[in-house]
Amino acid sequence: MNSFLVVEATITDKIDFQEVHLRRSSPLDSIQSNLENNATIRVIGDEGSVYSFQQNANGVYTSQNKFSASFGVNYSLEITTQDGNQYKSENSSLTSKSKIKKLYLKRDFNEKKEEGISIYVDTENPENLNQLLRFDYQETYKIIAPTYHPYELIIQNDDLPYSPEVLAGLTPKEVVAFFVTLEQKEKQERICYNTVRSKKIQLENSKSFEQNVLEKYRIRFIDRFNYIMSHRYSILVKQYTQSSQAHEYYKTLRQFSEGSGNVLSQVQPGFIEGNIKAVNNPDENIIGYFEVTSLDEKRIYFNYKDLFPGEDLPPYYKPCHGTHIPELYTRDQLTGIIDSSPIQEYIVWTENKYIRDNPEDNNLNFPYVMTTIPACGDCTVLGKNSVPDFWQD
């Protein structure tokens, strides 16, 4: 069975580098998913505008220049894949203007009586139009590794085995240095940041609310014991105004994703018809939708200590009390040959981190204490150690 082309393409009225995502959906009996690379992509307006896209990551195509969709213009998407197949969308245009009036948060409880932080949106609709809205968000949070140490162990002399004479005459410190040395890390691994895109499809129809506006609409709830808000947290909420066709597509997509646990899941339980067709083969199934939409977005920040003053931080990603003290080396009992270095093997196999010297070391075989959870000593396991451009402390 052939795979389907999967297209994610949303063009907005915000002046920015617009993006199109392409990949291949695997057959129903497979769990694999392949990105679609080396395609040619254009967005064409019926007033004569043409915007070309270039690939900047696997399956991700970005417009060569910043642009925004304009009211009154019909746009279409054209795709030519590397195997020469051509695809084209139906025309799509902006509907009404999208506007977020307020983005705010509150310490409260969810429907399950769990305490945490609710993030709410109030919308604005000056023309009092019936609006079909879609929301998503990107959350970014600071991570601080609890057992981070600025030094790391570097393996030395790992060409084992060695004869017993190799260590003869060496001082205890020299024996340790024969197998590992302690050096300052080239990069800091204590403070990191991770950004996660929402997976849930959130749709609303403004006619369900008084005066066609949403008030205190919960966009996100974070349980107070979730480590992602232990320090500083930020969320960027995006609100899209949709056409009725796009809204219906996303409603159908939501039904599928709720069953499979993944938006545009690679294992499709059926076919979701969008507005993109194959030019070469009209009967070919395409998964995806080309949407032109008005966008508004707002960002807020908060610190855990400001909302839960004097209270313990949420537990870390995993408990960090577990430690391991590997042996420095082992010998063959019969020959005395140095046949292994458990501490070298531990560093290689697990990438776990040195966190301190062993204060009770009365034996050269136990010089260092290591963490059993890499993320406890190295925040880059969970995020990036560079500060995001938008971040504010």
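1. A good place to start is the tyrosines: Tyr-141, Tyr-227, Tyr-316 and Tyr-317 are joined by ring pairs into a cluster. Please keep in mind, as you look at this group and at everything below, that the model is predicted.

2. Staying with the rings, the structure contains 17 aromatic pairs. One of them brings together Phe-178 and Phe-179 in an edge-to-face arrangement, with 5.1 Å centre to centre and 80° between the planes. Those two values are what you need here, because a pair of aromatic rings is described by the distance of the centres and the angle of the planes. The edge-to-face label follows because planes over 60 degrees apart count as such. You will find both Phe-178 and Phe-179 buried.

3. Two arginines are also worth a look for their place over a ring. Arg-299 sits over the face of Phe-390, 3.7 Å from the ring centre. Arg-134 does likewise with Tyr-240, whose face it lies over at 4.3 Å from the ring centre.

4. Now for the strands, beginning with E7, which spans residues 75-80 and pairs with E4, residues 40-45. The two are antiparallel, and six bridges connect them. If you want a residue to orient yourself by, Gly-45 is found opposite Tyr-75 of E7.

5. E7 has a further antiparallel pairing, with E8 (residues 86-89), and this one comprises three bridges. Ile-79 has Tyr-87 in E8 as its bridge partner. Between the strands of the E7 and E8 hairpin there are five residues. Do check Gly-84 in this hairpin, as Gly-84 adopts a positive phi near 95°.

6. Further along the chain, E9, E10 and E16 make up an open sheet of three strands, in the order E9-E10-E16 and with antiparallel pairing. E9 (100-109) and E16 (217-223) are the edge strands; each has a single partner strand, so one side of each lacks a neighbour in the sheet. From one strand to the next, the twist averages 20°.

7. Within that sheet, the contact of E9 with E10 (residues 115-123) can be followed bridge by bridge: nine bridges hold the two antiparallel strands together. To find your way in, look at Phe-109, whose bridge partner in E10 is Glu-115.

8. Which residues would I display, then? For the rings, I would show the cluster of Tyr-141, Tyr-227, Tyr-316 and Tyr-317, together with the buried Phe-178 and Phe-179. For the strands, Gly-84 with its positive phi makes a handy landmark in the hairpin of E7 and E8.

Notes:
Residues numbered from 1 in each chain as written. Predicted model: local features only at pLDDT ≥ 70, side-chain atom pairs only at ≥ 80, totals over all residues. Heavy atoms only, no water. Pairing = 2+ DSSP bridges. Helix = DSSP H or I, 4+ residues; strand = E, 2+ residues; numbered from the N terminus. Axes fitted to C-alpha atoms, helices over the stretch in contact; angles between N-to-C directions. Phe/Tyr/Trp six-rings, centres within 6.5 Å; stacked < 30°, edge-to-face > 60°. Buried < 20%, exposed > 50% of the residue type's maximum accessible area, 1.4 Å probe, protein only. Lys NZ or Arg CZ within 6 Å of the ring centre and 35° of its normal.
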